[in-house]
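Please open the model in your viewer, with the sequence panel beside it, and keep a selection tool at hand. The stops below can be followed in order.

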Amino acid sequence: MKSLYLLLLYSILLFSPSADSTLEQATTLQWPRHTIDDSSSGADGVKLADWNEDGLPDIVTGWEEGGLTKVYLHPGKANVKNKWPQMTVGETPAVEDAVFVDLDGKNPMEVLTCTEGKERKLYTHWAGSARKEVQWRQESVPVADGLMQWMYAIPFSLGPQKSVIVAAGKGKGAAIGWLEIAANPKNLEEWKWHPISQVGWIMSIIPADMDGDGDLDLLISDRRGNLQGCRWLENGGAGSWEKPWPNHWIGAQGKEVMFIDWLDWDGDGRKEVLAVDWTDRHISLFKSSGDQQQTQNWTTTHFPIPTDMERPKSIVAGDLNGDHKPDLVLSSNTGKIPLDGLVWLDGKDLASSSGTKFRSISGNHVAKYDKVELVDLDQDGDLDILICEENYGTNSEGLGVIWYENQLKK
(Lines give C-alpha, C1' and ligand atoms only; values in the text may rest on other atoms or scores of the structure.)
Protein backbone atom coordinates (compact mmCIF):
# COMPACT_ATOMS: atom_id res chain seq x y z
CA MET A 1 0.00 0.00 0.00
CA LYS A 2 1.34 3.39 -0.93
CA SER A 3 2.23 5.60 1.95
CA LEU A 4 -0.03 8.48 2.87
CA TYR A 5 2.81 10.84 2.14
CA LEU A 6 3.12 9.56 -1.43
CA LEU A 7 -0.59 10.07 -1.97
CA LEU A 8 -0.28 13.61 -0.72
CA LEU A 9 2.61 14.18 -3.09
CA TYR A 10 0.65 12.95 -6.08
CA SER A 11 -2.19 15.30 -5.16
CA ILE A 12 0.04 18.06 -6.49
CA LEU A 13 -1.21 17.06 -9.92
CA LEU A 14 -4.66 18.25 -8.90
CA PHE A 15 -3.59 21.85 -8.37
CA SER A 16 -5.72 24.36 -10.24
CA PRO A 17 -3.89 26.62 -12.74
CA SER A 18 -4.24 29.55 -10.34
CA ALA A 19 -2.48 27.72 -7.51
CA ASP A 20 0.98 29.03 -8.37
CA SER A 21 4.12 28.61 -6.36
CA THR A 22 4.93 31.54 -4.11
CA LEU A 23 8.00 32.82 -2.34
CA GLU A 24 7.51 33.80 1.26
CA GLN A 25 10.19 36.18 2.48
CA ALA A 26 11.43 35.19 5.93
CA THR A 27 10.67 37.87 8.52
CA THR A 28 11.43 36.41 11.94
CA LEU A 29 13.77 33.55 11.04
CA GLN A 30 16.98 34.30 9.19
CA TRP A 31 19.68 31.93 7.92
CA PRO A 32 23.05 33.44 8.90
CA ARG A 33 25.63 33.32 6.11
CA HIS A 34 29.23 32.37 6.90
CA THR A 35 32.16 32.78 4.53
CA ILE A 36 34.69 29.98 4.12
CA ASP A 37 36.71 31.86 1.48
CA ASP A 38 36.10 34.86 -0.77
CA SER A 39 39.69 35.61 -1.75
CA SER A 40 39.51 34.74 -5.46
CA SER A 41 37.00 34.98 -8.31
CA GLY A 42 34.39 32.60 -9.66
CA ALA A 43 34.07 29.84 -7.04
CA ASP A 44 32.44 27.03 -9.00
CA GLY A 45 31.09 24.13 -6.98
CA VAL A 46 32.16 22.16 -3.92
CA LYS A 47 33.01 18.51 -3.30
CA LEU A 48 33.43 16.98 0.17
CA ALA A 49 35.63 14.37 1.84
CA ASP A 50 37.54 13.93 5.10
CA TRP A 51 40.93 14.72 3.58
CA ASN A 52 42.98 14.88 6.80
CA GLU A 53 41.07 12.06 8.55
CA ASP A 54 39.93 14.04 11.57
CA GLY A 55 36.28 13.00 11.25
CA LEU A 56 35.17 16.35 9.83
CA PRO A 57 34.16 17.24 6.24
CA ASP A 58 36.78 19.09 4.18
CA ILE A 59 36.08 20.89 0.90
CA VAL A 60 37.71 21.23 -2.51
CA THR A 61 36.70 24.05 -4.86
CA GLY A 62 37.83 25.32 -8.23
CA TRP A 63 37.88 29.10 -8.79
CA GLU A 64 37.08 29.39 -12.49
CA GLU A 65 37.92 33.03 -13.18
CA GLY A 66 40.68 33.06 -10.58
CA GLY A 67 42.33 30.00 -12.15
CA LEU A 68 43.00 28.29 -8.81
CA THR A 69 41.95 25.12 -7.04
CA LYS A 70 41.86 25.12 -3.24
CA VAL A 71 41.28 22.69 -0.39
CA TYR A 72 39.62 23.91 2.82
CA LEU A 73 40.13 22.05 6.09
CA HIS A 74 37.25 22.03 8.57
CA PRO A 75 38.51 24.07 11.55
CA GLY A 76 36.37 22.35 14.19
CA LYS A 77 33.11 23.35 15.79
CA ALA A 78 34.51 26.33 17.72
CA ASN A 79 35.88 28.04 14.59
CA VAL A 80 33.55 26.82 11.87
CA LYS A 81 31.89 30.23 11.45
CA ASN A 82 35.22 31.88 10.66
CA LYS A 83 37.16 31.59 7.41
CA TRP A 84 38.65 28.11 7.07
CA PRO A 85 42.32 27.13 6.77
CA GLN A 86 43.12 26.69 3.09
CA MET A 87 45.69 25.19 0.72
CA THR A 88 46.19 26.10 -2.92
CA VAL A 89 46.27 22.80 -4.78
CA GLY A 90 47.33 24.23 -8.10
CA GLU A 91 46.97 26.84 -10.83
CA THR A 92 44.10 25.61 -13.00
CA PRO A 93 42.91 28.02 -15.72
CA ALA A 94 39.19 27.72 -16.56
CA VAL A 95 38.68 25.13 -13.82
CA GLU A 96 35.09 23.90 -13.80
CA ASP A 97 35.15 21.07 -11.26
CA ALA A 98 37.40 19.67 -8.55
CA VAL A 99 37.01 16.42 -6.63
CA PHE A 100 38.87 14.39 -3.99
CA VAL A 101 40.11 11.05 -5.36
CA ASP A 102 42.22 8.21 -4.00
CA LEU A 103 44.52 7.26 -6.86
CA ASP A 104 47.25 5.30 -5.09
CA GLY A 105 45.51 3.82 -2.04
CA LYS A 106 47.59 5.94 0.29
CA ASN A 107 46.79 8.89 2.52
CA PRO A 108 46.22 11.70 1.93
CA MET A 109 43.81 11.67 -1.00
CA GLU A 110 44.63 13.37 -4.27
CA VAL A 111 42.57 15.97 -6.12
CA LEU A 112 41.45 15.83 -9.75
CA THR A 113 40.35 18.96 -11.61
CA CYS A 114 38.38 19.46 -14.84
CA THR A 115 39.11 22.48 -17.03
CA GLU A 116 37.10 23.88 -19.91
CA GLY A 117 37.50 26.87 -22.26
CA LYS A 118 40.77 26.70 -24.14
CA GLU A 119 42.51 24.70 -21.40
CA ARG A 120 40.58 21.42 -21.84
CA LYS A 121 42.66 19.27 -19.50
CA LEU A 122 42.25 16.97 -16.55
CA TYR A 123 44.80 17.66 -13.83
CA THR A 124 45.91 15.39 -11.02
CA HIS A 125 47.18 17.03 -7.82
CA TRP A 126 49.40 15.02 -5.51
CA ALA A 127 50.15 15.85 -1.88
CA GLY A 128 53.24 14.45 -0.22
CA SER A 129 51.67 14.35 3.23
CA ALA A 130 48.85 15.76 5.34
CA ARG A 131 51.17 18.18 7.16
CA LYS A 132 50.10 21.76 7.69
CA GLU A 133 52.51 22.90 4.96
CA VAL A 134 51.66 20.60 2.08
CA GLN A 135 53.55 20.78 -1.20
CA TRP A 136 51.22 19.86 -4.04
CA ARG A 137 52.38 18.60 -7.43
CA GLN A 138 50.13 19.23 -10.44
CA GLU A 139 50.21 17.16 -13.64
CA SER A 140 47.81 16.76 -16.56
CA VAL A 141 46.53 13.39 -17.79
CA PRO A 142 47.92 13.16 -21.35
CA VAL A 143 45.12 11.01 -22.82
CA ALA A 144 42.57 13.68 -21.81
CA ASP A 145 44.43 16.71 -23.16
CA GLY A 146 42.27 18.64 -25.63
CA LEU A 147 39.59 15.94 -25.99
CA MET A 148 36.77 18.21 -24.88
CA GLN A 149 35.82 20.92 -22.40
CA TRP A 150 35.91 18.88 -19.21
CA MET A 151 33.06 19.69 -16.81
CA TYR A 152 32.57 17.04 -14.13
CA ALA A 153 34.32 14.02 -12.62
CA ILE A 154 33.76 11.50 -9.81
CA PRO A 155 35.59 8.47 -8.40
CA PHE A 156 33.72 5.33 -9.41
CA SER A 157 33.81 1.56 -8.90
CA LEU A 158 33.11 -0.44 -12.07
CA GLY A 159 33.08 -3.63 -10.06
CA PRO A 160 35.06 -5.42 -7.36
CA GLN A 161 38.66 -4.18 -7.29
CA LYS A 162 38.09 -1.90 -10.30
CA SER A 163 38.31 1.74 -9.24
CA VAL A 164 38.27 4.35 -12.01
CA ILE A 165 37.46 7.99 -12.63
CA VAL A 166 34.25 8.81 -14.51
CA ALA A 167 34.40 12.17 -16.30
CA ALA A 168 32.40 14.09 -18.90
CA GLY A 169 32.34 17.41 -20.70
CA LYS A 170 30.42 19.75 -22.95
CA GLY A 171 30.45 21.04 -26.50
CA LYS A 172 31.94 19.59 -29.66
CA GLY A 173 33.10 16.01 -29.21
CA ALA A 174 31.84 15.79 -25.63
CA ALA A 175 31.35 12.38 -24.06
CA ILE A 176 31.01 10.65 -20.74
CA GLY A 177 33.42 7.83 -20.04
CA TRP A 178 35.89 6.38 -17.59
CA LEU A 179 39.59 6.78 -17.08
CA GLU A 180 41.49 3.56 -16.54
CA ILE A 181 44.19 4.31 -13.99
CA ALA A 182 47.60 2.78 -14.63
CA ALA A 183 48.94 0.06 -12.32
CA ASN A 184 51.35 2.72 -11.11
CA PRO A 185 48.93 5.68 -10.93
CA LYS A 186 51.77 8.19 -11.21
CA ASN A 187 52.58 6.93 -14.71
CA LEU A 188 49.97 9.25 -16.21
CA GLU A 189 51.05 8.43 -19.77
CA GLU A 190 49.63 4.93 -19.24
CA TRP A 191 46.14 6.06 -18.25
CA LYS A 192 43.46 5.14 -20.82
CA TRP A 193 40.18 6.83 -21.79
CA HIS A 194 37.02 4.80 -22.52
CA PRO A 195 34.04 6.85 -23.77
CA ILE A 196 30.65 5.21 -23.15
CA SER A 197 28.07 7.76 -24.35
CA GLN A 198 27.79 11.08 -26.16
CA VAL A 199 26.79 14.11 -24.08
CA GLY A 200 26.04 17.73 -24.89
CA TRP A 201 26.69 19.52 -21.58
CA ILE A 202 26.90 17.26 -18.56
CA MET A 203 25.50 18.57 -15.26
CA SER A 204 25.17 15.67 -12.82
CA ILE A 205 26.89 12.29 -12.57
CA ILE A 206 25.60 10.08 -9.74
CA PRO A 207 26.75 6.49 -9.01
CA ALA A 208 23.54 4.50 -8.64
CA ASP A 209 22.49 0.84 -8.87
CA MET A 210 19.52 1.62 -11.08
CA ASP A 211 18.72 -1.97 -12.10
CA GLY A 212 19.24 -3.67 -8.76
CA ASP A 213 21.88 -6.08 -10.05
CA GLY A 214 24.49 -5.21 -7.44
CA ASP A 215 26.81 -3.03 -9.51
CA LEU A 216 26.83 0.71 -10.01
CA ASP A 217 25.27 2.38 -13.03
CA LEU A 218 25.49 6.08 -13.90
CA LEU A 219 22.58 8.45 -13.35
CA ILE A 220 23.15 11.67 -15.32
CA SER A 221 21.57 14.96 -16.34
CA ASP A 222 22.54 16.59 -19.62
CA ARG A 223 21.41 20.11 -20.44
CA ARG A 224 22.23 20.37 -24.16
CA GLY A 225 22.42 18.38 -27.39
CA ASN A 226 20.56 15.43 -28.89
CA LEU A 227 20.51 13.52 -25.61
CA GLN A 228 19.51 16.31 -23.24
CA GLY A 229 17.38 15.29 -20.33
CA CYS A 230 17.61 12.86 -17.43
CA ARG A 231 18.77 9.30 -18.14
CA TRP A 232 20.90 6.44 -16.84
CA LEU A 233 23.66 4.36 -18.39
CA GLU A 234 23.70 0.65 -17.65
CA ASN A 235 26.83 -1.04 -16.33
CA GLY A 236 26.78 -4.39 -18.10
CA GLY A 237 29.60 -5.91 -16.06
CA ALA A 238 33.11 -7.05 -16.92
CA GLY A 239 33.57 -7.58 -20.64
CA SER A 240 31.25 -4.73 -21.61
CA TRP A 241 32.80 -1.81 -19.74
CA GLU A 242 34.76 -0.56 -22.76
CA LYS A 243 31.74 -0.60 -25.07
CA PRO A 244 28.97 2.06 -25.21
CA TRP A 245 26.72 1.61 -22.20
CA PRO A 246 22.99 1.07 -22.88
CA ASN A 247 21.02 4.27 -22.42
CA HIS A 248 17.72 4.38 -20.49
CA TRP A 249 15.54 7.48 -20.40
CA ILE A 250 13.99 8.68 -17.16
CA GLY A 251 12.35 11.95 -18.20
CA ALA A 252 12.68 15.60 -19.24
CA GLN A 253 13.88 14.51 -22.68
CA GLY A 254 14.63 17.59 -24.77
CA LYS A 255 14.63 19.85 -21.69
CA GLU A 256 17.54 21.85 -20.29
CA VAL A 257 17.95 19.84 -17.09
CA MET A 258 20.29 21.16 -14.42
CA PHE A 259 21.61 19.46 -11.24
CA ILE A 260 19.54 16.52 -9.98
CA ASP A 261 19.15 14.53 -6.76
CA TRP A 262 18.49 10.82 -6.10
CA LEU A 263 16.78 9.74 -2.90
CA ASP A 264 13.97 7.67 -1.40
CA TRP A 265 11.42 10.46 -1.30
CA ASP A 266 8.38 8.52 -0.10
CA GLY A 267 10.01 5.93 2.15
CA ASP A 268 9.03 2.88 0.10
CA GLY A 269 12.59 1.57 -0.15
CA ARG A 270 13.17 2.64 -3.76
CA LYS A 271 14.81 5.88 -4.80
CA GLU A 272 13.31 8.59 -6.96
CA VAL A 273 14.96 11.27 -9.10
CA LEU A 274 14.44 14.99 -8.49
CA ALA A 275 15.24 17.36 -11.34
CA VAL A 276 14.90 21.01 -12.20
CA ASP A 277 15.10 22.52 -15.68
CA TRP A 278 15.42 25.94 -17.28
CA THR A 279 13.04 25.09 -20.12
CA ASP A 280 9.78 24.67 -18.22
CA ARG A 281 10.91 26.22 -14.91
CA HIS A 282 9.47 23.53 -12.69
CA ILE A 283 10.68 20.75 -10.43
CA SER A 284 10.07 17.17 -11.58
CA LEU A 285 9.92 14.03 -9.48
CA PHE A 286 10.49 10.83 -11.46
CA LYS A 287 9.39 7.54 -9.92
CA SER A 288 9.96 4.06 -11.31
CA SER A 289 6.52 2.53 -11.73
CA GLY A 290 7.53 -1.15 -11.96
CA ASP A 291 8.58 -3.76 -9.45
CA GLN A 292 12.26 -3.26 -10.31
CA GLN A 293 14.28 -0.11 -10.83
CA GLN A 294 15.25 -1.25 -14.32
CA THR A 295 11.76 -0.59 -15.68
CA GLN A 296 11.54 1.83 -18.58
CA ASN A 297 8.30 3.22 -17.16
CA TRP A 298 8.67 6.30 -15.01
CA THR A 299 5.82 8.41 -13.67
CA THR A 300 6.44 12.13 -13.51
CA THR A 301 5.09 14.65 -11.03
CA HIS A 302 5.66 18.35 -11.69
CA PHE A 303 5.39 21.20 -9.24
CA PRO A 304 6.18 24.85 -9.91
CA ILE A 305 8.94 27.08 -8.68
CA PRO A 306 8.21 30.64 -7.52
CA THR A 307 7.21 32.90 -10.40
CA ASP A 308 9.52 35.63 -9.10
CA MET A 309 12.61 33.41 -9.21
CA GLU A 310 14.82 33.37 -12.28
CA ARG A 311 16.86 30.46 -13.67
CA PRO A 312 16.74 27.36 -11.42
CA LYS A 313 20.11 25.65 -10.99
CA SER A 314 20.08 22.94 -8.33
CA ILE A 315 17.50 20.94 -6.40
CA VAL A 316 18.31 18.79 -3.37
CA ALA A 317 16.21 17.12 -0.69
CA GLY A 318 16.85 16.55 3.01
CA ASP A 319 15.17 16.85 6.38
CA LEU A 320 15.92 20.46 7.34
CA ASN A 321 13.44 20.91 10.19
CA GLY A 322 13.66 17.54 11.94
CA ASP A 323 10.14 16.28 11.14
CA HIS A 324 11.47 13.15 9.38
CA LYS A 325 10.12 14.24 5.99
CA PRO A 326 12.34 15.45 3.16
CA ASP A 327 12.29 19.16 2.45
CA LEU A 328 13.58 20.83 -0.72
CA VAL A 329 16.32 23.41 -1.27
CA LEU A 330 16.40 25.21 -4.61
CA SER A 331 19.23 27.38 -5.90
CA SER A 332 19.12 29.67 -8.91
CA ASN A 333 20.86 32.19 -11.10
CA THR A 334 19.06 35.50 -10.58
CA GLY A 335 20.07 36.83 -13.99
CA LYS A 336 21.78 39.99 -12.71
CA ILE A 337 18.59 40.99 -10.87
CA PRO A 338 18.45 41.36 -7.06
CA LEU A 339 16.27 38.36 -6.15
CA ASP A 340 16.17 35.55 -3.62
CA GLY A 341 18.33 32.93 -5.31
CA LEU A 342 18.31 30.33 -2.51
CA VAL A 343 15.04 29.09 -1.00
CA TRP A 344 13.58 26.07 0.77
CA LEU A 345 10.24 24.29 0.78
CA ASP A 346 8.76 22.38 3.72
CA GLY A 347 7.97 18.87 2.49
CA LYS A 348 4.59 18.98 4.22
CA ASP A 349 3.58 21.95 2.05
CA LEU A 350 3.80 20.01 -1.21
CA ALA A 351 0.18 18.91 -0.95
CA SER A 352 -1.14 22.30 0.11
CA SER A 353 -4.20 23.37 -1.85
CA SER A 354 -2.84 26.93 -1.97
CA GLY A 355 0.23 25.88 -3.91
CA THR A 356 3.86 25.35 -3.01
CA LYS A 357 5.21 27.93 -0.58
CA PHE A 358 8.96 28.46 -0.75
CA ARG A 359 10.73 30.29 2.06
CA SER A 360 13.70 32.60 1.82
CA ILE A 361 17.21 31.56 2.80
CA SER A 362 19.55 34.04 1.16
CA GLY A 363 17.45 37.19 0.85
CA ASN A 364 17.47 39.38 -2.25
CA HIS A 365 20.74 40.09 -4.05
CA VAL A 366 22.33 39.50 -7.46
CA ALA A 367 23.52 35.90 -7.32
CA LYS A 368 24.74 33.00 -9.43
CA TYR A 369 24.45 30.07 -7.05
CA ASP A 370 25.81 26.64 -7.88
CA LYS A 371 25.03 23.10 -6.67
CA VAL A 372 23.57 22.81 -3.16
CA GLU A 373 25.18 20.46 -0.64
CA LEU A 374 23.38 19.62 2.62
CA VAL A 375 25.83 18.87 5.42
CA ASP A 376 26.03 19.48 9.17
CA LEU A 377 29.01 21.81 9.11
CA ASP A 378 28.59 23.21 12.63
CA GLN A 379 28.07 19.75 14.17
CA ASP A 380 24.83 20.71 15.91
CA GLY A 381 22.69 17.89 14.53
CA ASP A 382 20.89 19.59 11.64
CA LEU A 383 21.65 20.08 7.95
CA ASP A 384 23.26 23.33 6.87
CA ILE A 385 23.60 24.55 3.28
CA LEU A 386 27.04 24.62 1.66
CA ILE A 387 27.28 26.33 -1.70
CA CYS A 388 29.35 28.54 -4.01
CA GLU A 389 28.21 31.87 -5.44
CA GLU A 390 30.40 32.87 -8.37
CA ASN A 391 28.52 35.90 -9.72
CA TYR A 392 29.31 37.44 -13.09
CA GLY A 393 32.28 38.52 -15.15
CA THR A 394 36.05 38.18 -15.05
CA ASN A 395 36.56 40.54 -12.12
CA SER A 396 33.34 39.85 -10.22
CA GLU A 397 34.30 37.79 -7.19
CA GLY A 398 30.84 36.95 -5.89
CA LEU A 399 30.32 35.63 -2.36
CA GLY A 400 32.77 32.76 -2.86
CA VAL A 401 32.55 29.53 -0.83
CA ILE A 402 29.84 30.07 1.78
CA TRP A 403 27.43 28.25 4.04
CA TYR A 404 24.06 29.11 5.53
CA GLU A 405 23.42 28.08 9.13
CA ASN A 406 20.20 26.16 9.66
CA GLN A 407 18.03 27.95 12.25
CA LEU A 408 14.85 25.89 11.88
CA LYS A 409 15.26 23.86 15.08
CA LYS A 410 16.78 26.64 17.17
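Begin by selecting Arg 224, which is partly exposed because its relative accessibility is 37%. Its side chain meets that of Glu 256 in a salt bridge, with N to O at 3.3 Å. If you now trace the backbone on either side, you will find that the two residues are 32 positions apart, Arg 224 lying in the loop between strand S16 (217-222) and strand S17 (229-233), and Glu 256 in the loop between strand S18 (247-251) and strand S19 (261-263). Glu 256, at 14% relative accessibility, counts as buried. Bear in mind throughout that this is a predicted model.

**The whole chain**

Zoom out before going further. The protein chain comprises one helix and 31 strands, and buried residues account for 58% of its 410 residues. Of the contacts in the chain with a separation of 6 or more, 51% are between residues 24 or more positions apart. The accessible surface amounts to about 16,600 Å², and carbon and sulfur atoms contribute 48% of it. A search of the whole structure finds 19 salt bridges.

**A network around Lys 287**

Select Lys 287 next, together with Asp 266 and Asp 268. Lys 287 forms a salt bridge with Asp 266, in which the closest N and O atoms are 2.9 Å apart. This pair links distant parts of the chain, since Lys 287 belongs to strand S21 (residues 282-288) and Asp 266 to the loop between S19 and strand S20 (272-276), 21 residues apart. Both of these residues, Lys 287 and Asp 266, are buried. Lys 287 also forms a salt bridge with Asp 268, where the closest N and O atoms are 2.6 Å apart. Asp 268 lies in the loop between S19 and S20, 19 residues from Lys 287 in strand S21. Is each partner in this second bridge buried or partly exposed? Lys 287 counts as buried, at 7% relative accessibility, whereas Asp 268 counts as partly exposed, at 39%. Add Glu 272 to the selection, and you have the network of Asp 266, Asp 268, Glu 272 and Lys 287, joined by salt bridges that share partners.

**A buried acid without a salt bridge**

For a contrasting acid, move to Asp 44, which lies in strand S3 (residues 43-49). Asp 44 is buried yet has no salt bridge, and the nearest side chain of opposite charge, that of Lys 313, is 5.6 Å away. A salt bridge requires the nitrogen to be within 4 Å of the carboxyl oxygen. Beyond residues up to four places away in sequence, Asp 44 touches several others, including Thr 61, Glu 64, Glu 96, Asp 370 and Glu 390.

**Aromatic rings**

Two aromatic pairs are counted in this model. In one of them, Trp 150 and Trp 193 are arranged edge-to-face, with 5.1 Å from centre to centre and 90° between the planes. The pair connects distant parts of the chain, with Trp 150 in strand S11 (residues 149-159) and Trp 193 in strand S14 (residues 192-198), 43 residues apart. Trp 150 is buried, at a relative accessible area of 0%, and Trp 193 is also buried, at 15%.

Two further tryptophans can be viewed with arginines. The charged end of Arg 223 sits over the ring of Trp 278, 4.8 Å from its centre, and that of Arg 231 sits over the ring of Trp 249, 5.9 Å from its centre.

**Phe 100 and its surroundings**

Select Phe 100 in strand S7 (residues 95-101), and note that Phe 100 counts as buried because its relative accessibility is 5%. Leaving aside neighbours within four places in sequence, Phe 100 is in contact with residues among which are Leu 48, Trp 51, Ile 59, Val 71, Met 109 and Pro 155. The C-alpha atoms of Phe 100 and Val 71 are separated by 9.4 Å, and these residues are 29 apart along the chain.

**Backbone details**

Most residues other than glycine have a negative phi, and most peptide bonds are trans. The last stops depart from that pattern. A cis peptide bond, with omega about 0°, joins Asn 107 and Pro 108, and Pro 108 lies in the loop between S7 and strand S8 (110-115). Gln 161 has a positive phi of about 60°; Gln 161 is found in the loop between S11 and strand S12 (162-170) and is exposed, at 83% relative accessible area. Finish at His 324, whose phi is near 70°, in the loop between strand S23 (311-318) and strand S24 (327-333); His 324 is exposed, at 75%.

Technical notes. Residues are numbered from 1 along each chain as its sequence is written. This is a predicted model: local features need pLDDT of at least 70, side-chain atom pairs count only at pLDDT 80 or more; totals for chains, interfaces and linings use all residues. Side-chain values use heavy atoms; hydrogens and water are left out. Rings of Phe, Tyr and Trp (its six-membered ring) pair if their centres lie within 6.5 Å; planes under 30 degrees apart count as stacked, over 60 as edge-to-face and the rest as tilted. Helices (H or I, at least four residues) and strands (E, at least two) are DSSP runs, numbered from the N terminus. Buried means under 20% relative accessible area, exposed over 50%, partly exposed in between (1.4 Å probe, protein chains only). A charge sits over a ring if NZ of Lys or CZ of Arg is within 6 Å of the ring centre and within 35 degrees of the ring normal. Lys and Arg count as positive and Asp and Glu as negative; His and the chain ends are not counted. Contact means heavy atoms within 4.5 Å. Accessible areas come from the Shrake-Rupley method with a 1.4 Å probe; for residues, only the protein chains shown count as cover.
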